[in-house]
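The following exercises are to be worked with the sequence and the model at hand. Each task is followed by a solution in steps.

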Protein chains: 2
Amino acid sequence: MNNDCILLDYGSGGKASQRLITDIFVRHFSNPVLNRLDDAALLNPVAGPLAMSTDGYTVDPVEFPGGTIGSLAVHGTVNDVAMLGARPQYLSCAFILEEGLPLELLERIVADMAAAAKKADVLIVTGDTKVVPRGAADKIFITTTGLGEVIASPAPSGSSAKAGDAVLVSGTVGDHGLTVLSRREGLSLASDVKSDSAPLNHMVKDLILTVGEIHCLRDPTRGGLATTLNEIAVQSGLVCTLEEEAIPVRPNVAAGCAVLGLDPLYLANEGKLICILPQDRAEAALAVMRGHPEGKEAKRIGTISSPGGISRPGQVVLQTRLGGKRLLGMLEGEQLPRIC
Amino acid sequence: MNNDCILLDYGSGGKASQRLITDIFVRHFSNPVLNRLDDAALLNPVAGPLAMSTDGYTVDPVEFPGGTIGSLAVHGTVNDVAMLGARPQYLSCAFILEEGLPLELLERIVADMAAAAKKADVLIVTGDTKVVPRGAADKIFITTTGLGEVIASPAPSGSSAKAGDAVLVSGTVGDHGLTVLSRREGLSLASDVKSDSAPLNHMVKDLILTVGEIHCLRDPTRGGLATTLNEIAVQSGLVCTLEEEAIPVRPNVAAGCAVLGLDPLYLANEGKLICILPQDRAEAALAVMRGHPEGKEAKRIGTISSPGGISRPGQVVLQTRLGGKRLLGMLEGEQLPRIC
């Protein structure tokens with residue numbers, strides 16, 4: 001019975017740790033860099049500037065329709081590196097495991113991570129495992145750090161939006177947030193929703209190499225589309241105006257949000273990006289996005305403009321379906337803990 | 001009252017998250033790379049091969065004589081990068097915070113991290129914060145990932161020990177492990193012990209540039225000196241023989257271990273390194289180590305040899321004070337959880 005769970009000595013650095021590393025991590029993640037098993041990974045030189053990003057994943061539940069904490073930990077960090085106009089190449093992963101975690105569950109999560117890394121074409125090159133006593137953590141937390149070569153010049157930045165730019169989104173919003181919430185709370189109303197968790201690095205590479213001149217790239221994760229656009233508006237000192245009827249939301253996600261009193265514009269996404277670039281490149285960018293399975297529903301949803309009239313720098317304005325205007329603030333207060 | 005603690009919405013990605021980032025993290029870690037606050041850090045190109053390492057820190061208690069979880073998270077990862085013969089340059093940090101964590105405690109930990117990063121001469125370039133509900137984590141976990149340029153050629157490796165090599169240790173062993181354990185359990189017997197947590201990268205740089213031809217560099221953290229030497233012996237397929245009386249152990253650490261039935265050779269160290277190199281370079285290496293405050297008590301403690309007679313590849317043999325021989329195995333079973 002005990003052999004089927006994580007025990008405290010799996011994190012001791014001794015023989016049990018070695019077995020866990022060999023039997024689970026190396027078996028699934030195997031590659032020549034990782035397999036050296038030194039304290040640090042030895043990586044070939046990278047030619048250009050580097051992008052580095054880290055994220056801790058604490059999602060509850062650890063398995064949900066469309067993914068697990070393992071694939072989420074790969075996609076989320078790969079996407080953050082890509083958003084700097086970079087080609088993600090290497091990932092590290094640090095596991096914090098609760099004593100008693102079923103080994104079978106750990107192995108499912110690790111296998112899902114390995115599959116996600118393969119799909120994103122990144123190598124997991126180094127890692128760490130700590131085990132904490134029962135009750136000191138909830139099942140499993142994973143922190144991944146990604147490294148890649150910046151291929152866009154200049155690199156996109158939240159502060160680089162320009163007045164006149166188009167605002168594009170690569171697909172529907174709110175899917176991940178509603179899925180995790182409804183699964184956690186056992187809500188049947190949203191039984192047909194699914195996380196959008198996916199790697200976006202291949203799409204980003206094509207956008208950079210084919211379309212070029214991308215001012216901002218961001219993945220609207222925690223805080224959702226509205227919060228991410230607020231950050232960009234603030235960093236750029238401009239105004240972002242969105243057309244409500246252009247923002248893609250799946251009907252079942254809209255319905256689930258209506259029942260629960262949630263706004264899909266503030267829900268986390270894990271496989272979507274916001275791309276801000278000159279209007280005359282918008283159609284080319286949409287065509288590139290739609291050529292990828294994750295971007296089939298890409299849409300132009302708004303524009304960037306200089307402050308003026310009643311609008312102030314850093315504001316996000318929603319043109320509603322009924323013709324009115326609504327200010328979309330940054331997320332205030334707790335909406336959903338442990339969503340990623 | 002509530003304003004003095006971490007609340008769930010500090011991890012929401014919204015306004016409260018922004019305040020936490022600005023008021024605590026950016027204030028203490030401030031540097032031009034971090035201050036851009038994009039999803040990933042944009043780093044200048046690095047000329048040589050890269051070293052990348054990650055570790056999760058879950059130490060209990062989070063403050064102890066000689067450091068905090070914050071300085072430990074910097075030193076541990078800086079040292080792991082350095083052990084590849086590299087110059088650590090950049091760190092990422094991901095925080096997992098428990099709802100209710102006092103802000104004052106978080107700020108002490110963050111300030112201690114900032115001071116450690118300054119001393120080690122590395123920049124904290126990107127980070128992440130998640131907040132989990134009360135009871136889903138114990139106070140604070142920190143995962144750091146380090147990146148640096150490899151300056152040794154070839155890079156030292158656990159598999160590169162050679163028969164005839166000398167085994168050096170940069171100072172006393174067991175200090176960190178005994179300190180954390182005694183502080184956690186409130187044991188007065190070890191009131192005068194202190195963690196050895198320290199950055200070793202400056203010492204490593206001098207060893208590489210001044211002495212050269214270093215075959216193995218390892219920091220004996222979890223599992224201690226004995227377990228780390230076992231890993232090296234196994235990876236190199238050789239035998240390591242240690243002189244018990246040459247191994248530096250502080251009298252108060254030896255006494256504390258005797259009372260508690262612990263072996264200092266298996267206790268974690270956080271500011272010590274093992275250096276394996278040709279005998280004729282050993283004195284030069286010891287002189288370099290002793291020139292750094294962390295290496296004043298550096299000692300030659302053993303030799304590497306080919307298997308033969310009764311010794312088999314991968315074994316670590318201790319020549320005891322009484323003239324006998326004892327096989328030092330790898331750590332078996334749980335000795336101390338949450339030691340780092």
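**Exercise 1: Strand β11 and its sheet**

In β11(B), the bridge partner of L217(B) is C275(B). The model is predicted, so local features are taken at pLDDT of at least 70 and side-chain atom pairs at pLDDT 80 or more, while totals for chains, interfaces and linings use all residues. Residues are numbered from 1 along each chain as its sequence is written, chains are lettered from A and ligands numbered from 1 in the order in which they are written, and side-chain values use heavy atoms, with hydrogens and water left out.

Task. Determine which strands pair with β11(B), and place β11(B) in its sheet.

Solution.
1. Helices (H or I, at least four residues) and strands (E, at least two) are DSSP runs, numbered from the N terminus. Two strands pair if DSSP finds at least two bridges between them.
2. Strand β9 (residues 216–218) of chain B is antiparallel to β11(B) and is joined to it by three bridges.
3. Strand β8 (residues 165–169) of chain B also pairs with β11(B) in the antiparallel sense, over five bridges. Here A166(B) stands opposite L277(B), and V167(B) stands opposite I276(B).
4. The open sheet has seven strands with mixed pairing, in the order β9-β11-β8-β12-β10-β13-β14 (chain B). At its edges stand β9 and β14 (325–327) of chain B, each with a single partner strand, so one side of each has no neighbour in the sheet.
5. Strand β11 (residues 274–278) of chain B has five of its five residues buried, where buried means under 20% relative accessible area, exposed over 50% and partly exposed in between (1.4 Å probe, protein chains only).

**Exercise 2: The faces of helix α5**

Task. Establish where the buried residues of α5(B) lie around its axis.

Solution.
1. In helix α5 (residues 201–211) of chain B, the buried residues are N201(B), M203(B), V204(B), L207(B), I208(B) and V211(B).
2. Viewed down the helix axis, the buried residues of α5(B) fall within an arc of 160°, so they line one face. The arc is that of the directions from the helix axis to the C-beta atoms.
3. An α-helix has 3.6 residues a turn, so residues three or four places apart point the same way.
4. The buried residues of α5(B) pack against elements of chain B including β9, β11 and α8 (282–290); contact means heavy atoms within 4.5 Å.
5. On the face turned away from the buried side, α5(B) carries the exposed residues L209(B) and T210(B).
6. Just after α5(B), G212(B) takes a positive phi of about 70°.

**Exercise 3: Cysteines**

Task. Explain why C216(A) is too far from the closest cysteine sulfur for a bond.

Solution.
1. A disulfide is a pair of cysteine sulfur atoms within 2.5 Å.
2. The closest cysteine sulfur to that of C216(A) belongs to C275(A), at 8.6 Å, which is too far for a bond. C216(A) is buried, with a relative accessible area of 1%.
3. By this rule the count over all chains is zero disulfides.

**Exercise 4: Relation of the chains**

Task. Find the operation that superposes chain A on chain B.

Solution.
1. A rotation of 180° with 0.0 Å of shift along its axis superposes chain A on chain B, at RMSD 0.0 Å, by least squares on the C-alpha atoms of residues with pLDDT of at least 70 in both.
2. The two copies are therefore related as by a two-fold rotation axis.
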